[in-house]
Amino acid sequence: MNEDSYSSDEPTGQDPLLLLKTLQLLWTKHELGKLKEEIRRGFARLEDPLAGLLAMLESSSDWKGKGHSLGYCIITELQLWIKAHPAVPQSGTKLKKLQARVLGILSQCPANLLDPLISIYQLHTADRNYLLETVSHLYLQGNYKEAAILSIKLKLQPDQDVEKMCTPLLLQDKANLVEDYVAEYPELQRKLLQTLDTWCGPSFNIRDITRPYQGLSRYKPEKFNRRVLSKLVFRLLERFNVDPALCPNVINQRHLRTLNYLFYKRFVEKTMTEENWGDHIQSTVGENRWLQGQLVQLLLRHCDARGAARWAQHCRVPPETLPRAVAEELQSLHVHHRIKEVTKADNYESSQKKDYYQLPIPRENIHFLQTWEETLQCWEKVLQPGQVVGVDMEWKPSFGMVGKPRVALLQLALKDEVFLLDLPQLLQQAEAEGEKEKLPHFIQMLYSDAAITKLGYGMSGDLSSLVATCSALKDTEKQMQGVVDLLAVDKQLQWGKDSRKVDGLSPERGHEEKGVRPPEKGLSLLVQHVLGKPLDKREQLSNWEKRPLREEQILYAASDAYCLLEIYERLCKDPESFGLGSDLAESLVGKQSKKPRAKKQLNKQEVPPPSGQECQGPRTEASCPPAPISPQEFSVVCDNMLQGLGRYLRCLGVDVRLLDNEDDHRKAAEIARQEGRVILTSGFPYQTLRSQVGEGRCFSVNCSEKAKEQALQVLRHFNVQVSLSDIFSRCQVCNCNKYLKVSREEMRKLVEASRQVSEEHSAGCPRSPGCDVTVPGCDTAQPHGEQAEGTEQCGAAAVSAGDTVLQVAAVPPGVLDRAELTDFYCCTRCGKVFWEGSHFGRVVSQFQDVLVASGDTQSIYELS
């Protein structure tokens with residue numbers, strides 16, 4: 001008997017539930033052949049196959065499992081059967097009735113069943129409007145994720161409002177789903193980016209967007225602020241290759257941060273030359289009137305009205321838009337007056353160069369190469385067996401803008417000379433001659449030749465920029481042999497704390513105080529340790545794409561590459577004095593060629609403000625550390641960029657105040673003064689905040705480290721002694737250190753009472769104070785456990801314990817059945833419920849290096 005005979009000869013009207021029982025019996029017997037045959041026969045007998053399928057799915061529970069469940073088998077077989085037996089699509093009232101049932105199934109549908117179900121549903125749908133109605137129903141019910149996924153599957157996005165669909169997803173921290181939603185539609189990408197940019201506008205109140213969704217499940221308002229949205233905009237601009245001009249608000253804010261950073265480097269840190277500073281100021285501000293206004297304000301703050309007037313003249317800013325003092329100065333300036341230095345800040349005199357590393361080769365041995373004839377002579381010298389080559393690269397700082405940096409200069413240093421290759425010019429020339437593969441060929445020959453030792457500092461980072469410049473080099477890192485990454489070597493070396501001295505000043509002393517450069521770091525610090533003097537890094541942030549290069553740039557670029565040769569030679573000559581093995585040369589080339597460590601490209605790309613403990617001000621010498629204190633004696637206020645650090649410290653019992661995302665950094669100083677707290681901050685705010693509090697009351701954390709490492713850094717610096725009893729001694733949510741101890745039986749009663757109230761509330765019973773349950777006298781205790789996860793809701797979500805509202809609805813039922821749990825711990829301030837769990841053990845393992853014995857004899861879970 002074939003399939004057609006089932007559809008034409010068998011009577012219709014079979015009960016789908018009877019068919020389901022037959023199929024379940026065959027499924028349990030693992031008779032898959034008979035099962036598929038019975039499915040096809042059964043659907044041929046059904047009056048409405050889709051309605052029958054829904055009835056079976058609604059009555060069965062085993063279709064929700066992953067993999068090849070009975071439901072999966074039924075759906076896929078029906079899909080094949082319908083394709084072989086097409087029917088007229090349904091419409092009207094009958095389809096609308098089915099629609100509600102389909103919604104219930106789709107909202108619970110596992111991923112492996114979604115495609116075949118949608119396919120079946122589409123075959124029974126008369127037009128696209130019904131599909132849009134289906135998604136609309138899901139959206140109105142608050143199933144935003146499901147509505148978005150279904151829209152993507154059915155390709156309904158062009159007929160939907162992108163802002164309406166994506167806003168709740170962003171509030172639930174589902175940015176990846178938002179990206180998928182617009183991925184195939186350039187017009188929607190532009191609309192989404194324009195919307196996000198509007199939200200980032202200076203006059204826009206972002207609360208207007210969040211207000212309608214405050215009851216949203218998994219609502220994460222901390223993930224919905226201008227800083228996070230700005231990062232999302234830049235990621236989308238790069239992913240979808242959209243013109244950044246579409247997002248003026250975000251771009252302007254990023255440029256403003258660049259301006260602030262440039263002013264910091266020039267007027268506070270004083271490590272940028274006038275020429276470099278002026279180049280970057282002009283390229284950043286351009287013709288943008290708003291940025292020009294911001295530039296004038298910054299100039300007024302850091303220097304004087306005359307300097308601001310000179311730049312206003314250069315940018316042709318309308319006098320009527322300028323502050324009065326600047327406008328008056330502008331009138332006294334000559335039209336063609338050359339832009340001069342806008343500050344009286346000290347310049348570095350040539351006499352100071354003796355304080356820095358100096359190239360040991362004459363200037364005529366540094367060659368700037370822009371033609372292939374010159375470059376071929378370079379390669380003949382470089383590609384020699386046994387050669388040792390220092391390799392470095394330079395690119396124009398992007399200051400966090402869209403796109404990866406493109407290498408503008410490739411430096412190759414040999415023992416007696418240095419070659420500086422103008423990569424943009426050489427690539428352009430090769431392409432014009434139809435020989436684009438020439439440069440990649442030579443570079444690959446260099447990196448893959450095991451007989452040539454290549455020295456670098458963070459080679460993976462440099463190579464990633466090289467690949468962005470020339471895609472033909474994408475496999476170079478996999479083919480590398482004979483490389484030595486001195487960044488990895490630097491991390492192996494154990495430098496003593498007292499060795500980090502610059503001109504007799506320890507890095508902890510403020511460089512502003514004596515007008516000297518800031519503490520060295522990275523390659524410059526390694527050069528200082530090994531060769532005695534640091535690198536002169538004032539040209540580091542140059543515009544390396546501008547031609548011709550200045551003499552200072554040429555010398556800087558040559559020094560960056562050549563110093564690698566001298567470091568390597570010194571380490572190989574006397575490795576034991578640096579704590580390295582005697583067979584250094586052989587071991588370095590062998591080990592480092594396998595997996596070079598990536599160099600952080602921040603110095604040449606985004607270049608964030610300096611951070612790390614070197615900026616924190618005077619600290620106690622290692623020989624006389626500060627007296628140990630307990631977490632209870634240590635209180636801090638964390639800047640809003642360090643909320644992760646704050647949560648870690650709070651887990652360890654430290655009294656932590658966290659600034660909100662929208663708070664100004666200066667609020668930290670106000671809190672610190674009022675409450676006697678230490679400020680934990682990073683980057684630019686440190687310079688402002690430390691001047692507003694007492695000595696040693698402001699600490700700059702390394703923002704490039706993960707929160708856990710930052711926490712360890714803080715604990716060690718302030719000598720905070722953490723014991724097992726300190727862990728989770730404070731509420732991770734509200735910072736309270738007092739708890740109510742509730743027995744499991746009492747907690748079970750509270751949970752049941754909460755659910756009863758919830759049922760009454762959902763049935764129409766108005767919420768009243770009489771619905772709360774009061775917990776009789778509970779002991780104050782300290783929890784070691786984990787917080788109940790779930791959303792906070794009004795009404796049934798909480799019960800009252802005297803003056804404390806306990807959030808018992810978030811306690812999973814299964815937790816109450818765990819025999820080892822005898823007590824629960826409820827925060828007396830916010831009512832969060834905690835219990836003993838695996839999270840305690842994870843925290844202990846993460847911080848075991850800094851834990852001290854408390855003298856307690858009890859188990860870590862004996863919490864009376």
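These legends walk through four close-up views of helices in a predicted model.

**View 1. Helix H28 and its bend at Asp560.**
Start with one helix on its own: H28 covers residues 551–573. How far apart should the ends of a helix with 23 residues be, at 1.5 Å a residue? The expected span is 33 Å, and the end C-alpha atoms of H28 are indeed 33 Å apart, so the two values agree. Look along the helix for Asp560, where H28 bends by about 30°.

**View 2. Helix H10 packed against helix H12.**
Now for a pair. Two packed helices are described by the angle between their axes and the distance between the axes. Here H10 (residues 162–171) and H12 (residues 186–199) have axes 10 Å apart, at an angle of about 60°. That angle makes H10 oblique to H12, and their crossing is right-handed. On the H10 side, the residues to find are Val162, Glu163, Cys166, Thr167 and Leu170. They meet Leu188, Lys191, Leu192, Thr195, Leu196 and Trp199 of H12. Sorted by class, the residues of this contact are seven nonpolar, two polar and two charged.

**View 3. Helices H17 and H18, crossing at roughly 155°.**
H17 takes in residues 289–302, and H18 follows with residues 305–314. Their axes come within 8 Å. Which way do H17 and H18 run relative to each other, roughly parallel or roughly antiparallel? With a crossing of roughly 155°, H17 and H18 are roughly antiparallel. H17 passes H18 in a right-handed crossing. Leu295, Val296, Leu299 and Leu300 are the H17 residues in this contact, and their partners in H18 are Ala305, Gly307, Ala308, Trp311 and Ala312. Eight of these residues are nonpolar, one is polar and none is charged.

**View 4. Helix H17 again, this time with helix H15.**
H15 spans residues 248–268 and packs with H17 at an angle of about 25°, their axes being 11 Å apart. The two helices are therefore roughly parallel to each other, and the crossing of H15 and H17 is right-handed. From H15, the contact draws on Asn252, Gln253, His255, Leu256, Leu259, Asn260, Phe263, Phe267 and Val268. From H17, look for Trp290, Leu291, Gln294, Leu295, Leu298, Leu299 and His302. What classes of residue make up the contact of H15 with H17? There are 10 nonpolar and six polar residues, with no charged ones. Leu295 and Leu299 of H17 may look familiar: they take part in the contact with H15 and also in the contact with H18.

Definitions and conventions
Residues numbered from 1 in each chain as written. Predicted model: local features only at pLDDT ≥ 70, side-chain atom pairs only at ≥ 80, totals over all residues. Heavy atoms only, no water. Helix = DSSP H or I, 4+ residues; strand = E, 2+ residues; numbered from the N terminus. Expected span 1.5 Å × (residues − 1). Bend = angle between axes of the 7 residues up to and from the residue. Axes fitted to C-alpha atoms, helices over the stretch in contact; angles between N-to-C directions. Parallel < 35°, antiparallel > 145°, perpendicular 65-115°, else oblique. Left-handed = near helix turned anticlockwise from the far one by under 90°. Contact = heavy atoms within 4.5 Å. Nonpolar A, V, L, I, M, F, W, Y, C, P; charged D, E, K, R; others polar.
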